[in-house]
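This report walks through a few local features and then the contacts between chains. Look at the structure first, then read on.

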Amino acid sequence: MQHFRANLTHSLKRFAAAFLACAILISGCGGGDNGEFANVLNRSLGPEPETLDVHAALSTQAATVLRDLGEGLTAYSASGELVAAAAERWEVSDDGLEYKFWLRPEARWSNGESVTAEHFVYSFRRLVNPKTAAPYAQHLIDIENAEAIVKKGGPVDSLGVNAESDFELTIRLARSVPYFLKLLAHNSTYPVFPPSVEEHGPAFARAGNLISNGAYKLDDRTMGAVISLSRNEHYWNNANTAIDRVRHFIAPDETAEVNRFRAGELDITETVSTQMFAKLREEMPDALRVAPFLQVYYYGLNLTKPPFKGNRKLRQALSMAIDRETIVDKVIGRGEQAAYGWMPPGVNNYDAMTFTYSTQSKADRHATARRLYLESGYSLRNPLQVEIRYNTSQTHKNIALAVQAMWRDVLGVETTLINEEFRVLLANMLAREVTQVFRSSWSGDYNDASSFLDIMKSGNPSNLTGFSDEDYDSLLERAATQMDPLFRQVYLEEAETRLLEEHPVIPIYFYVSKHLVSSRVIGWQDNVLDYHYSQHLSLKTND
Amino acid sequence: MKTSSGNRRPRYAILGNRLVVVCLLALLAIAVLSIVGTIASPYSVEEISFDQNFEGPSLGGGHWFGTDDLGRDLFVRTLKGTQITFLIAIVATMVSLVIGVTYGAIAGYFGGKIDAIMMRAVDALYAMPFIFFVILLMVVFERSLTLMFIAIGAINWLDTARIVRGQTISLKQRAFVDAARMVGVSNFAIIARHIAPNLLGIVIVYVTLTIPQIILFESFLSFLGLGVQEPQTSLGALVSEGVSRMERAPWMLLFPASFLAVMLLCLNFLGDGLRDVFDPKSAKA
Amino acid sequence: MLRFALLRILGAIPTLFVVIAVAFMLVHAAPGGPFDSERVLLPEVEQSILQAYHLDEPLPQQFARYLRGVLRGDFGPSYTHSEYDVSEIIFASFPVSFLLGAYALITALTLGVFFGLVAALRRNTAIDHLLSGLAMTGISIPVFVIAPVMVLLFAVHLGWLPASFSGGTGAGRFVLPVIALALPQLAYFARLFRASMIEVLESDYIRTARAQGLSTVSIIRHHALKPALLPLVSYLGPAIAAVLTGSVVVEQIFGIPGLGQHFVNGALNRDYTLVLGLVIFYAALIITLNLFVDLLYRYLDPRTRRQ
């Protein structure tokens, strides 16, 4: 017995040593090949993308990877111009209802097969098919019969998309959509390879199964770590793709992401945290890329219940009492722009509208705010008691704290801050039962004013405020049917003005895209959609 | 304090006592400071000042610990956070202890089927997705501080129960238990008078290990957005804020983290000292 | 021993059932669903998704359906990651968590026992206080402070080690994550072992052995070590479970493709099937580990064997 016990410790030690040896051996092999290929781009995605199925993907992370893997009929250039992609040219009928696309005969999938019009037909049908339950089905909702298919389950092949020949595609619309070509650059309209989908079902999007028609193909995916892509040699424009391999890293923690960049493990970061921004601006100003981005940060107001129901003056008072410049400079400080309107700057064919008080001095604004506050039925003795809901984030919390202080100092409002986990907040916002003031944001899927204005239409599911205004809706209707771009712009601008007058939302700031881009990377151009296709980039070779 | 072994004990005892006293005083000092400081300070916990944000600590300038990114005084916030952290530690530990010790002692003492069922229940509870449990509680009961203490304590008692059960099993084999049983002492009397005091040592050590766990669990909850809500704050919340601003404003991390570390260190040494005092050997018949 | 083990395993089945049932109810009780997003779906599309995943059926029906699947070994597709099955996700992530956790545990155990032993032998001296204090840093400073500080120091400024697991290569990328994972457990083991060793060293039979003239080394190896290890063994079960399923914070910071991320993300994304699959996996693991720990306990403490 004694002998055995003595051996126990002895054997434990030996076991430990053996384990350590194994460990070193195991960890030695299967490691990354960081050093082997100099022509590898290391990008960070941020959080894990949910899926690589073009029809199921919703997040911006998924979109970033999909833009490297696939290609739609149109695409954006590095500078943000709409260009031909899978289609080499097109014709639009005078009434704007019929589009004819000529596909590139030399375009190939990653398995060498030709990209044909039939593939696009199949893919568009799959997008609108209710069984696919695609979140972006609404992008094609204006195609003939699409609405019937999505909403009433009509036959999928009635969709107004037809392959006239191997490389000729026609699309018939139910109503004219001036920005339709832009929709075709969005990753939800990318084609899928039909035999693959038929064979594998949802699993077609896995590494080993995924056939892609873009500049890269999917090599490997390790959830929580990295998605590895390599050059698609069959891509029609492969000659102009400079980078051989792209690794999209998962980096859910912003501080860690920055540190990985500084350690040289990442060439591009997805974002730059507020806390690190000032320091990085000193430390590596050349790596910092900040540019206007089509997204607005706003406080939505629940118009279906008191205190905001029917009380426009109160809503406006609250909006005027907020010192947006302070929030943008002191609380966030990454170059965001104070939002005195709903539409961010940089939208095609559009001049953003602003509040009537955007140029007033702070003192004047506050004075008017107090007056409106009193007129809306509140006073210092009878203060408004209101709740601001926001989801977990340091930035949201700090902004809410700032707004709370501002409303208190200017108007005497008593605000309670409620931090909710994202989906809880979402459920509350959708139900419109308990929300009063809630933090939200909206970004444009495509560069057109309608991508921001449509969601405030009555009945739009993303209309979290319950805003329902006849004038607004009719202005948008008229804009939608307007063929002349200038008249359309006028209607849209009037609609935005109407929106701003009614104050169903309090826009706070317009986002900027912020990335750290290493000096190794050539060809990065800021654009307002923040699309950075890897195929437009190249790497500086070390001598 | 009785000694049962040879000469070494008294020397250690004195040293142990000194350390215990120092730690006790330190903890008391922190507790008192946290109350007095928040009252005496001209700054409030929530007063925002955009002009004074990210100021470093300065003794003369008024903000002894500096300010945070919204210009709030860090000294007052650290003290307030200390108060809340103390509160959390005490209440949650009490809950955890009461449930855990009772459960573990009963399971360990009675053994057999009762033990088997009780420990299977513990196994089942361990496997619960505690995050969901916490999310649910927080949502359904509207984020009250009290409820959070109870939730944390209720999640934490499992470890205590296991340890106590293990010790009870060992203890009940001892001679004095058999002797008591032979004499006819009731089961509950045995648990209360013989087993429990002998558990005290290991339970106390375990308490000093549990408190940091509890405090750290609260900071993890804050990290997820489920912990202490504004305008309240805790050391855990302050520390997790401070980490992301570590390079920009190191004082935001340094001060709360130091308070936290000192508190936990003192609790630990205190636990050691208490263990010496309650050593079952000295009470042995 | 064998009968004991078998009985335990049989007893585990009702446990698992209860676990699944409670988890199922909890998971569905939390507000919000897997397919909610700020880009709100068209009502018809949403209805379609819910139908496809049977989420529109009454809960008992969904539960029965889920159980039938589990009994067939089918844990369903992940709701969030629709191209993967839950079992695939779990079995892809588990090895990394396991490896990392094992290294961390071995480190924590060996160093913890060593520190605890030295501290116990040199009780109340400067060395004791030093080691105790050092061990305490493991549990007095949160992991989400230690890890970024280490990254800042060793990866960014000194460049000795990689800043992330996925971005690095070779053995170096294990070092920081293992240290971050091991530190809290090291502290516990050291403290527990020290206290336990002190108690054991003062017990009668040790004093007897000392009186008999046996050397300290011999006493420790043959008489003190095993009983002193007992509380650690009790703690081992939960320690292993906690480390193996991955510290969420460590995985987030170092970009480690382990299980911990799925637990939290699954909960936050309301990925019901993934969370349930994890719960079952975790429960089975715990039950197995507890069995192993209890067997070990019985082995080490012969007094408990006569049950």
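Start at C:His54, which comes right after helix H2 of chain C and has a positive phi, near 60°. This is a predicted model, and local features are described only where pLDDT is at least 70.

Helix H2 of chain C spans residues 43–52, and its buried residues are C:Val45, C:Ser48 and C:Ile49. Seen down the axis of H2(C), these buried residues fall within an arc of 95°, so they line one face of the helix. What do they pack against? Their partner is helix H4 (146–152) of chain A.

**Chain A with chain C**

That packing leads to the wider contact between the two chains. Here 73 residues of chain A touch 58 residues of chain C. Polar links are present as well: 22 residue pairs are in polar contact, both residues at pLDDT 80 or more. Several elements of chain A give two or more residues to the side that touches chain C, among them H1 (2–28), H4 and strand S8 (216–222). H1(A) provides the largest share of that side, with 11 residues. One of the salt bridges joins A:Asp445 to C:Arg39.

**Chain B with chain A**

Chain B also meets chain A. This contact takes 21 residues from chain B and 23 residues from chain A. Three residues stand out: B:Phe50, B:Glu230 and B:Glu247 supply 30% of the area that chain B buries against chain A, more than any other three residues. B:Glu247 also forms a salt bridge with A:Arg262. Five residue pairs are in polar contact, both residues at pLDDT 80 or more. On the chain B side, helices H4 (130–140) and H8 (235–244) each give two or more residues. H8(B) has the largest share, three residues.

The size of an interface is often given as the accessible area lost when the parts come together. The table lists that area and the salt bridges for both pairs of chains.

| Chains | Buried area | Share on carbon and sulfur | Salt bridges | One salt bridge, closest N and O atoms |
|---|---|---|---|---|
| A and C | about 5,500 Å² | 60% | four salt bridges | A:Asp445 and C:Arg39, 2.9 Å |
| B and A | about 2,000 Å² | 54% | three salt bridges | A:Arg262 and B:Glu247, 2.7 Å |

**A hairpin in chain A**

Finally, turn to two strands of chain A. S4 (residues 87–92) and S5 (residues 98–103) pair in the antiparallel sense, over five bridges. Which residue of S5(A) is the bridge partner of A:Glu91? It is A:Lys100. The two strands form a hairpin with five residues between them. In the turn, A:Gly96 has a positive phi of about 75°.

Key:
Residues numbered from 1 in each chain as written. Chains lettered and ligands numbered in written order. Predicted model: local features only at pLDDT ≥ 70, side-chain atom pairs only at ≥ 80, totals over all residues. Heavy atoms only, no water. Pairing = 2+ DSSP bridges. Helix = DSSP H or I, 4+ residues; strand = E, 2+ residues; numbered from the N terminus. Buried < 20%, exposed > 50% of the residue type's maximum accessible area, 1.4 Å probe, protein only. Arc of directions from axis to C-beta. Contact = heavy atoms within 4.5 Å. Buried area = accessible area lost by both parts, 1.4 Å probe. Salt bridge = Lys/Arg side-chain N within 4 Å of Asp/Glu carboxyl O. Polar contact = N/O pair within 3.5 Å; in protein donor to acceptor, adjacent residues only side chain to side chain.
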